[in-house]
Amino acid sequence: FILFLLLFIDFIQNRDYFKYNEERPPYKIAQLGKLAIKYSNKKKLTTTQVTIWIQNNFAFFKNNLRKV
């Protein structure tokens with residue numbers, strides 16, 4: 001839980017940077033999925049919804065999620 005909290009804080013502090021710079025984020029895909037779910041109102045997302053959230057919040061994945 002503490003590691004996720006640190007990840008969450010780091011994301012909040014650097015959100016604009018990741019949204020507009022195509023640098024690969026220092027997070028694993030599973031961590032990005034957890035962030036997406038944390039941000040959702042329902043606390044439950046489909047795989048497609050997680051993918052869309054990642055693409056909307058990380059320029060690195062904007063055009064191609066297969067860069068991983």
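**Exercise 1.** What share of the contacts in the chain with a separation of 6 or more comes from residues 24 or more positions apart?

*Solution.* Start with the term: a contact means heavy atoms within 4.5 Å. Residues 24 or more positions apart account for 58% of the contacts with a separation of 6 or more.

Two notes on the source. This is a predicted model, where local features need pLDDT of at least 70, side-chain atom pairs count only at pLDDT 80 or more, and totals for chains, interfaces and linings use all residues. Residues are numbered from 1 along each chain as its sequence is written, and side-chain values use heavy atoms, without hydrogens and water.

**Exercise 2.** Find the helices and strands, then judge how compact the chain is.

*Solution.* Helices (H or I, at least four residues) and strands (E, at least two) are DSSP runs, numbered from the N terminus. The chain has four helices and zero strands. Its pattern along the sequence is α-α-α-α. The radius of gyration is 11 Å, close to the 11 Å from the globule rule for 68 residues, so the chain is as compact as a globular protein of that length. The radius is taken over C-alpha atoms, and the rule is 2.2 Å times the number of residues to the power 0.38.

**Exercise 3.** Is Leu6 buried or exposed?

*Solution.* First locate Leu6: it sits in helix α1 (residues 2-20). Next, the cut-offs: buried is under 20% relative accessible area, exposed over 50%, partly exposed in between (1.4 Å probe, protein chains only). Leu6 has a relative accessible area of 51%, so Leu6 is exposed. For the chain, 26% of the 68 residues count as buried.
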